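Colleague: Hey, got a few minutes to walk me through a structure? I'm new to this, so plain words please.
Modeller: Sure, let's put it on the screen and go through it together.

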Amino acid sequence: MYPSGFYRDENGELNVQGIKIETLTAKYGTPLFIYDTGLIKERYEVFQNTVKNVKGNIHYAVKANDSVNIIKFFGKLGAGADIVSIGEFHKCLAAGIAPNKIIFSGVGKDKNEIEIALRNKILQFNIESEEELYDIYDIASKLKITANICLRINPDIAPDTHKKISTGEKETKFGIDNEDVVSIYKKLHELDYINPVGLGVHIGSQIFDFNFFMKAYLNLKSIADNLKKNGYKVPTLDLGGGIGIHYDSNKKPDFIAYKKIISDIFLKSEYQLSFEPGRILIAEAGILITKVIRNKKNKDKKFIVIDAAMNNLIRPTLYDAYHKIEPVKSKIGRSNTVDIVGPICETGDFIALDRELVEVKSDDLLTIRTAGAYASVMKSNYNARVDAVEILIYNGKSYKLKQIDTIQDTILKEKIIDFN
Ligand code: LLP
C-alpha cells in the first residue's frame, strides 16, 4: 500500500500511488495537473465522519473541480452535488449523479436553466431573491412540475477571508436579507407548484475561524425554529461549504471543532442537513507540475520563469493566494528569494512572489501544491495558450481526463472571414 497523496520516495523523488511524477511528465508533458483518487477518498471519508452523527447529506460543490471523472468519483463515494449553472448540471448527469441528489445554487439562474433543471426533477433550488422565486413559479406552473425551494439567507456576517470570496455580508450580491427571509418563506406556502423545503446559508470560502460558521448556523436555526413554531414546515437546512485549508503547511482543518459545532447546534433537532464542501475534498488531492524555462535577473531581482502561468492557476493573481512550490526531485543547495512567474505578458502573471526556493535550472520540474480546487476550473486560453493536460491516478494507473485541443484545433474552430 502506498501513502495517499504525493509523497517522496527514498531518493527524494515525488511519487503518487507508486508512480514517479517524472514518469508521468515524460508521458504527458507539462504543465500537468495530477489528481490522486486515494487522497480524494481519504478527505471525503474524513468529512463523512465529521458529520456522521447528524442527519446530513454531502453535496460536493462541483465548482471546485468540475471534471466529469472527478464528479463521478465523488458520486461513487456516495456524494450528491451542489451546482451553480446548467453546465455543471449536465456534467453531473454525465457523471451519473441522479438529479434528485443535486442542489441548484447561485444568484443568477436564468429561465432556461430553471426549466431544464425542473424538467429533470432536480432535488431543490436554493434561491437568492423574491424575483427568482417568481421566475421559478412561472415556469413550474407552466410545466405543472413542483419546484422544491430553499431560501439562502444573507446573515450579514463577515468571515475572516479574502474579500472576493466572502459571501455573507449585506453588501454582497448573495442571499436574502435576514429580515426578508420570513415573509418570503411564508409566501412559498401560498404558491402552487412551489414546495418549501427549508433554509440555507453559505458565508464564504477558505474560512478558519469557525465561530463565523457557528454564528451563521445559529442564526439559520433560530429563523427556522421560529417558522416551525408558527406552523410552517422547514424540513431541511443547507449549511453550505467554506471550511479553509492550510496551503502553507500540512496542518489539517480542525474537523473536531467543526463536528462539535454541528453536534452542539443540530444533534437534538429534527432538521435534515445538507453540506456543500468543495475545497476541503479536492484541493490537496491535486498538484500542478511545471517545468523551469529559465532563470532571469533584473539587477538584483531574480525570477524563475516556468511553463505554467496565471491561465493555469489564477489564485495567486486574483486572491494573493499562497501555493507551496518545491522541486519534484529534492535538492539541497543554495536558495534564493525569487519571483516564480509564467510566460504571460502581464506583471500579474506569477505563481509566487519573493519566495525562498532552492536554485533550479532550465528543464527542472517543480510541483505547485494544493492545486486540485479552483485551479484548472478557472483556466483560460489567454495568450493563445492551450489547456494543461489533466490526469487522474486510480488504482496505480494514470488516466487522461480529457483530450486537449492543440493550437491547430483551436484555429480550425475560428470562422475565418474572407475580407476581399
Ligand atoms: N456552496 C456555495 C453556495 C458556494 O458558493 C461555494 C463556493 C461552496 C459551497 C463551496 O465552498 P468551499 O467548500 O469550496 O469553500 N475561487 C475561489 C473560491 C470560490 C468559492 C465560491 N463558492 C478560490 O480559489 O479560493
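Colleague: What volume does the largest cavity have?
Modeller: About 30 Å³. Keep in mind that this is a predicted model.

Colleague: And how many cavities of 30 Å³ or more are there?
Modeller: The count comes to one.

Colleague: Which residues line the largest cavity?
Modeller: Its lining is made of Phe33, Asn312, Ser376, Lys379, Asp387, Ala388 and Glu390. Split by class, that lining has two nonpolar, two polar and three charged residues.

Colleague: How do people find empty space like that in the first place?
Modeller: You roll a probe the size of a water molecule over the atoms, and that shows where empty space is left.

Colleague: OK, pockets now. What's the volume of the largest pocket?
Modeller: The largest pocket comes out at about 780 Å³. It is lined by 40 residues, and the closest to its centre are Lys63, Thr167, Phe174, His202 and Tyr374.

Colleague: How does the lining of that pocket divide by class?
Modeller: The lining of the largest pocket has 14 nonpolar, 15 polar and eleven charged residues. Helix H10 (279-282) and helix H11 (315-319) each supply at least two residues of this lining.

Colleague: You mentioned Tyr374. Where does Tyr374 sit?
Modeller: Tyr374 is in the loop between strand E19 (365-368) and strand E20 (389-394). Its backbone has a positive phi of about 55°, although Tyr374 is not a glycine.

Colleague: What about peptide bonds, where is there a cis one?
Modeller: Look at Thr30 and Pro31: a cis peptide bond joins them, with omega about -10°. Pro31 belongs to the loop between helix H1 (21-28) and strand E4 (32-36).

Colleague: Switching to helices. What do you use to describe two packed ones?
Modeller: The angle between their axes and the distance between the axes.

Colleague: Right, so at what angle do H6 and H7 cross?
Modeller: Helix H6 (residues 130-143) and helix H7 (residues 178-188) cross at roughly 10°, and their axes come within 11 Å. Angles under 35 degrees count as roughly parallel, so H6 is roughly parallel to H7.

Colleague: Which residues make the contact there?
Modeller: From H6 you have Glu130, Leu133 and Tyr134, and from H7 there are Ile184, Lys187 and Leu188. By class, that contact has four nonpolar, no polar and two charged residues.

Colleague: And how far apart are the axes of H2 and H9?
Modeller: The axes of helix H2 (residues 37-50) and helix H9 (residues 255-266) are 9 Å apart, and the angle is about 35°. Val46, Phe47, Asn49 and Thr50 of H2 touch Phe255, Tyr258 and Lys259 of H9 in this contact. Those residues divide into four nonpolar, two polar and one charged.

Colleague: Last topic, sheets. In what order do the strands E1, E2 and E3 come?
Modeller: The three strands form an open sheet in the order E1-E2-E3, with antiparallel pairing. Strand E1 (6-8) and strand E3 (19-20) are the edge strands, and each pairs on one side only.

Colleague: How many bridges join E2 to E3?
Modeller: Two bridges join strand E2 (residues 14-16) to E3. Val16 stands opposite Ile19 in E3.

How values were computed
Residues numbered from 1 in each chain as written. Predicted model: local features only at pLDDT ≥ 70, side-chain atom pairs only at ≥ 80, totals over all residues. Heavy atoms only, no water. 1 Å grid on protein atoms, 1.4 Å probe; cavity = no way out; pocket = protein on both sides within 12 Å on 5 of 7 lines; lining within 4 Å. Points joined across faces, edges and corners; volume = space filled by probe spheres on them. Nonpolar A, V, L, I, M, F, W, Y, C, P; charged D, E, K, R; others polar. Axes fitted to C-alpha atoms, helices over the stretch in contact; angles between N-to-C directions. Helix = DSSP H or I, 4+ residues; strand = E, 2+ residues; numbered from the N terminus. Parallel < 35°, antiparallel > 145°, perpendicular 65-115°, else oblique. Contact = heavy atoms within 4.5 Å. Pairing = 2+ DSSP bridges.
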